[in-house]
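I opened this model to go through its contacts and backbone. These are my notes, in the order I looked things up.

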Amino acid sequence: MKKILLSLTVIVGVVACNSKPEGFVLNGTLTGDVENGTQIFLRKIDENNQPYDIDTTTVENGKFTISGPADSPDLIYVFVDKIQGYTPVVAEKGEIEFSAQKDSLNFAKVKGTVQNNIFFNYLSESRALSDQAMSIQKDMQNANMSGNEATANSLRDEFAELQEEYKNFELNFIKNNPNGLISALLIEKGLGTRMIESDEAQKMYDALSPEIKETLPAKNILKSLEAAKAREEKGKSTEIGATAPDFSGPTPDGKELSLKEAMGKVTIIDFWAAWCKPCRVENPNVVNIYNKYHSKGLNIIGVSLDRKEEDWKKAIADDKLSWNHISSLDYFNDAVAKLYNVEAIPATFILDENGVIVAKNLRGPELESKISELLQ
């Protein structure tokens, strides 16, 4: 449920904008015995997700006014000196009305412009679902503590249904509000967390209004979609049925070795590293398979994503990996890893005698079964 409760935090931490002079006027009212002269800060978020001041003013008789540029809709934040919390506000051309209790900035009311109306409609519905989630979590905790397993299981199912409801709520909100900055923020978040697939995100992006497509979140969406397409095209070169791309790299003794030179009747390309615990756990199984089938034509070339030469060489010796090895000692920036679109290890590619990829990421008995099948 943390994903739900932190949804706003994720959203409000990802926006910055390019702006021109002329834009918004923010008229604020604070209740709850706020002293005259109390400072109000307008802040944005930098590339390191840290807030920085863009303007400041003071409260007089519970009111303040502050203005700023708004070339395209952008998220800014209202902070009050020495008071916890903050309020996100969409900076757009026009007069924005802000009202809040001194000690409840997170629940301020903001209205007066199209974007703020859309944004705070989203917050209102989102908070209602989050409140339901917190209530279920509390009841589930009490059920677990009292040993009422049947109730706990029922609440767990209810919680899962609510998570699905929240996901659908966000997707529907995006589709129903193509002119909202919040929609672009939600698409950007969904792509980042992989809650929205690229194809669906592309349709949502295409439906956004021209004004929203000019905002930074929308531009970030486009960059992410372009990167996803590039990865997809690149991934086709290492799909099952494709001929494995050739590569070469430095061996532990400083020589250069290519895939073509290392191939056998069957070849395993094994991406691993000394620091990778799952890799090290699997290594004894790979050693057994290599010892059993090397004489029948199995070759292995290990591609290490280590950063330290001594760690790489020690792991080879400790795990008794007697096959060919290469490494540029460049972590996930390794050129071979990028060529094969490897983003997590262990990762393996099994090639036949013609260098065609016939299987990927097999481990344990499945790996041995495949090698045995190919060498029969």
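**Salt bridges.** I began with Asp74 and Lys44, whose side chains meet in a salt bridge at 3.6 Å, N to O. This is a predicted model, so I take the distance as a computed value. Asp74 sits in strand E5 and Lys44 in strand E2, residues 39-45. The pair therefore ties together parts that are 30 residues apart in sequence. I then searched the whole structure and got nine salt bridges.

**Domains.** I looked up the domain assignment next. It gives domain 1 as 23-110, domain 2 as 119-236 and domain 3 as 242-375. I took the centres of domain 1 and domain 2 over C-alpha atoms and found 27 Å between them.

**Interface of domain 1 and domain 2.** How many residues of each are in contact? I count 11 residues on the domain 1 side and nine on the domain 2 side. For the size of an interface, the accessible area lost when the parts come together is often given. Here the buried area is about 790 Å². Carbon and sulfur atoms give 74% of that area.

Which three residues supply the most of what domain 1 buries against domain 2? I get Pro73, Leu75 and Pro88, with 47% of that area.

I checked for charge pairing across the interface of domain 1 and domain 2. The rule finds zero salt bridges there. For polar contacts between domain 1 and domain 2, the count is one residue pair, both residues at pLDDT 80 or more.

I then asked where the touching side of domain 1 comes from. Strand E5 (74-80) and strand E6 (87-91) each supply at least two of its residues. E6 gives the most, with three residues. By class, I find seven nonpolar, three polar and one charged residues on this side of domain 1.

**Annotated segment.** The unreviewed UniProt entry carries the annotation "coiled-coil region" for residues 145-172. I compared the record with the model. Over residues 145-172 the chain is 89% helix and 0% strand. The end C-alpha atoms of this stretch are 37 Å apart.

**Backbone.** Most residues other than glycine have a negative phi, and most peptide bonds are trans. I looked for departures from that. Is the bond from Ile345 to Pro346 cis or trans? I read it as cis, with omega near 5°. Pro346 lies in the loop between helix H12 (335-339) and strand E14 (347-351). Asn341 is also placed in the loop between H12 and E14. The phi of Asn341 is near 60°, a positive value in a residue other than glycine.

Notes:
Residues are numbered from 1 along each chain as its sequence is written. This is a predicted model: local features need pLDDT of at least 70, side-chain atom pairs count only at pLDDT 80 or more; totals for chains, interfaces and linings use all residues. Side-chain values use heavy atoms; hydrogens and water are left out. UniProt positions are given in the numbering used here, feature names are shortened, and annotations may be inferred rather than shown by experiment. Helices (H or I, at least four residues) and strands (E, at least two) are DSSP runs, numbered from the N terminus. Domain bounds come from an automatic or database domain assignment. Contact means heavy atoms within 4.5 Å. Buried area is the accessible area (1.4 Å probe) that two parts lose on being put together, summed over both. A salt bridge is a side-chain nitrogen of Lys or Arg within 4 Å of a carboxyl oxygen of Asp or Glu. A polar contact is a pair of N or O atoms within 3.5 Å; within protein, one must be able to donate a hydrogen and the other to accept it, and residues adjacent in sequence count only if both atoms are side-chain atoms. Ala, Val, Leu, Ile, Met, Phe, Trp, Tyr, Cys and Pro count as nonpolar, Asp, Glu, Lys and Arg as charged, and the others, Gly among them, as polar.
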